[in-house]
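Colleague: I'm new to this one, so please put it up on the screen. I'd like to ask how you arrive at the words you use for it.

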Amino acid sequence: MSTQADLNVADHKVVHDERVKERNRVQRLLIRPEMGAGIGAIGIFVFFLIVAPPFREAASLATVLYASSTIGIMACGVAVLMIGGEFDLSAGVAVTFSSLAASMLAYNLHLNLWAGGALALVLALTVGFLNGFLVMRTKIPSFLITLSSFFMLAGINLAVTKLVSGQVATQSVSDMQGFDSARAIFASSFTVFGVSIRITVVWWLVFTAVATWVLFKTKIGNWIFAVGGDADSARAVGVPVTKVKIGLFMFVAFCAWFVGMHLLFAFNTVQSGQGIGNEFFYIIAAVIGGCLLTGGYGTAIGAAIGAFIFGMTNQGIVYAGWDPDWFKFFLGAMLLFAVIANNAFRNYAAKR
Amino acid sequence: MTTTVESPANEAPSGGKVPLVELKNVGKTYGNITALKDICLRVHAGEVTGILGDNGAGKSTLIKIISGLHQQTDGELLVDGEPMTFGSPADALAKGIATVYQNLAVVPLMPVWRNFFLGQEIRKKSFPFSLDANAMRATTLTELAKMGIELPDVDAPIGSLSGGQRQCVAIARAVFFGARVLILDEPTAALGVKQSGVVLKYITAAKEAGFGVVFITHNPHHAHMVGDHFVLLNRGRQKLDCAYDDITLEHLTQQMAGGDELEALSHELGRK
């Protein structure tokens with residue numbers, strides 16, 4: 001025990017010591033939040049390699065990656081939000097909302113598609129801001145606030161589309177100004193070793209990499225973990241809790257806008273009833289990837305692995321020649337398994 | 001018997017210097033409930049002010065006002081002689097008032113070093129200004145070592161530490177960042193004898209290093225060991241305000257236990 005003489009409290013220096021580095025790398029790897037999902041992903045990959053011969057082709061992998069990427073970009077936003085201790089049930093319809101808004105604004109106001117997209121981004125971010133603002137202002141759980149906004153957005157999507165275009169889908173935008181350049185950004189493909197890969201796969205990896213860097217290497221990331229782990233403590237040490245959480249809701253809205261742009265430029269026209277139920281896929285991907293429902297724990301890489309598991313299962317069942325109706329059963333079973341496995345991993349981590 | 005509120009007693013016990021923090025007739029009401037009334041308090045550099053009180057005496061409310069979590073409804077809060085209103089704990093921190101809360105304000109799932117630097121992270125000097133994790137790890141280790149805490153792994157979640165260790169991390173954090181005034185909310189309440197000793201030694205060291213320390217406790221023994229000045233709260237009122245030389249441990253203990261009320265009670269119970 002230290003004595004009075006040792007206690008030199010006035011002397012504060014930031015110390016650099018090259019001996020202090022992360023220790024026990026292997027053990028640390030084993031208890032990472034996404035470890036369970038990683039092992040699960042390898043298992044499922046091997047499983048489909050065995051039971052589904054078409055799954056072994058490179059083109060199939062590209063298809064799997066594409067299916068994973070559109071879920072994965074959203075799962076990235078939803079995972080970061082969940083780490084921040086909140087929930088967004090409106091994320092699924094927010095995607096459709098963004099692409100409907102971009103399409104209809106550009107078409108009916110005779111704008112360049114980029115201008116329509118920018119207006120849609122403003123609208124999407126406004127919805128995200130309102131979600132966050134209401135959650136923070138009313139202190140009502142985000143589950144209820146975003147459940148409300150989920151239904152309101154779903155209603156707006158259907159009603160406004162019918163009001164404006166008189167149909168359940170928007171007009172094709174493929175002959176409008178800015179279509180080609182926007183398509184190149186949001187919905188093009190490129191070829192690697194003879195395999196055509198969708199650009200969303202690249203965006204998915206970029207989103208995941210940036211989110212990972214922000215979460216672990218920046219001040220904001222530290223704050224996100226803190227507001228999710230214990231908002232009162234975070235506030236007490238000077239973290240701007242309200243701003244961080246509202247920012248997270250807006251980040252989810254940004255991801256929704258991005259995926260919305262992809263859908264618009266990939267299919268030219270948008271069905272107004274799309275997106276309902278997808279919010280659960282995003283949450284499932286995040287939870288399979290190790291995010292804790294109560295906040296303060298998880299990684300963006302985990303969510304990406306979760307989305308990859310989703311994509312593999314989604315396509316693998318088709319390649320295996322099974323009835324695709326089984327997909328949801330598998331998804332549910334995997335979620336259950338993942339939750340139990342992650343829980344076991346986490347308890348091990350705490351006991352260490 | 002007690003130097004009460006009416007007289008702005010003990011004017012400038014440290015030789016006419018401006019107190020770091022001063023409360024003048026501060027009161028706080030929550031709706032129609034009066035939590036605090038007419039509190040006068042001075043915190044000087046190099047002094048420990050012990051705030052004593054039973055449960056519900058208003059100790060926590062008082063801290064929340066000084067640390068910026070709540071605003072007073074009456075009276076004035078002065079920092080360096082200038083009236084202030086803190087909108088948030090960040091404002092108080094910016095003025096050098098750091099608080100160690102009873103719940104320690106730590107995030108259990110986060111590593112020790114991330115908790116230590118939460119809200120005041122060190123960033124690298126060059127683009128992209130990411131966190132300087134190794135500097136923060138090393139600093140955490142060094143600062144904790146000064147308190148006699150040797151942690152094997154600052155990457156362990158802080159929730160896995162013992163209560164005493166967590167307390168020390170929280171205090172070390174406040175000291176590291178709290179430039180001038182350190183508010184400790186019942187730091188020894190959940191600790192054993194030995195670890196309480198560490199904390200009390202640390203409080204004295206902080207005082208000698210020139211910090212103004214506000215030490216909230218309901219343990220008169222601990223308060224008397226380190227305090228230079230005592231304020232006793234009872235039901236939101238200031239009952240006692242005196243310097244170390246003016247009061248004995250017995251008197252303090254008796255006042256703390258209810259003072260006259262206790263005497264009356266013992267008469268009433270009449271154990272003859």
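Colleague: Let's start with a pair of helices. Why are H3(A) and H11(A) called roughly antiparallel to each other?

Modeller: Keep in mind that this is a predicted model, where local features need pLDDT of at least 70 and side-chain atom pairs count only at pLDDT 80 or more, while totals for chains, interfaces and linings use all residues. Residues are numbered from 1 along each chain as its sequence is written, and chains are lettered from A and ligands numbered from 1 in the order in which they are written. Now the helices: H3 (residues 58–83) of chain A and H11 (residues 241–267) of chain A pack at about 175 degrees, with axes 8 Å apart. Under 35 degrees counts as roughly parallel, over 145 as roughly antiparallel, 65 to 115 as roughly perpendicular and the rest as oblique, so H3(A) and H11(A) come out roughly antiparallel.

Colleague: Which residues in H3(A) and H11(A) meet?

Modeller: Among them are A:Ile73, A:Gly77 and A:Leu81 in H3(A), and A:Phe251, A:Cys255 and A:His262 in H11(A). Meeting here is a contact, with C-beta atoms, placed from the backbone, within 7 Å. By class, the contact of H3(A) with H11(A) divides into 14 nonpolar, three polar and no charged residues. Ala, Val, Leu, Ile, Met, Phe, Trp, Tyr, Cys and Pro are the nonpolar ones, Asp, Glu, Lys and Arg the charged ones, and the others, Gly among them, are polar.

Colleague: What makes H8(A) roughly perpendicular to H9(A)?

Modeller: Helix H8 (residues 199–217) of chain A and helix H9 (residues 219–229) of chain A pack at about 80 degrees, their axes 5 Å apart. That angle is why H8(A) is roughly perpendicular to H9(A). In H8(A), A:Val214, A:Leu215, A:Phe216 and A:Lys217 meet A:Ile220, A:Gly221 and A:Ile224 of H9(A). The contact of H8(A) with H9(A) has five nonpolar, one polar and one charged residues.

Colleague: How do you know that A:Ala124 is buried?

Modeller: Count its neighbours: A:Ala124 has 27 other C-beta atoms within 10 Å. Buried takes 20 or more other C-beta atoms within 10 Å, exposed 12 or fewer, and partly exposed is in between, so A:Ala124 is buried. A:Ala124 lies in helix H5 (residues 113–138) of chain A. Leaving out residues up to four places away in sequence, A:Ala124 touches A:Ala94, A:Phe97, A:Ser98, A:Ala253, A:Ala256 and A:Trp257.

Colleague: And how much of chain A counts as buried?

Modeller: Of the 352 residues of chain A, 49%. For chain B, with 272 residues, the share is also 49%. Chain A comes to 14 helices and two strands, chain B to nine helices and ten strands.

Colleague: Where in chain B does pLDDT stay under 50?

Modeller: Over residues 1–15 of chain B, for which the model has 16 contacts beyond four places in sequence. pLDDT is the predictor's confidence in each residue, from 0 to 100. Where it is low, the predicted coordinates should not be read in detail. Across chain B the mean pLDDT is 80, and 89% of residues reach 70 or more. Among the elements of chain B, helix H9 (residues 260–269) has the lowest mean, 73, and helix H3 (residues 112–116) the highest, 90.

Key: Axes fitted to C-alpha atoms, helices over the stretch in contact; angles between N-to-C directions. Helix = DSSP H or I, 4+ residues; strand = E, 2+ residues; numbered from the N terminus. Contact = placed C-beta atoms within 7 Å.
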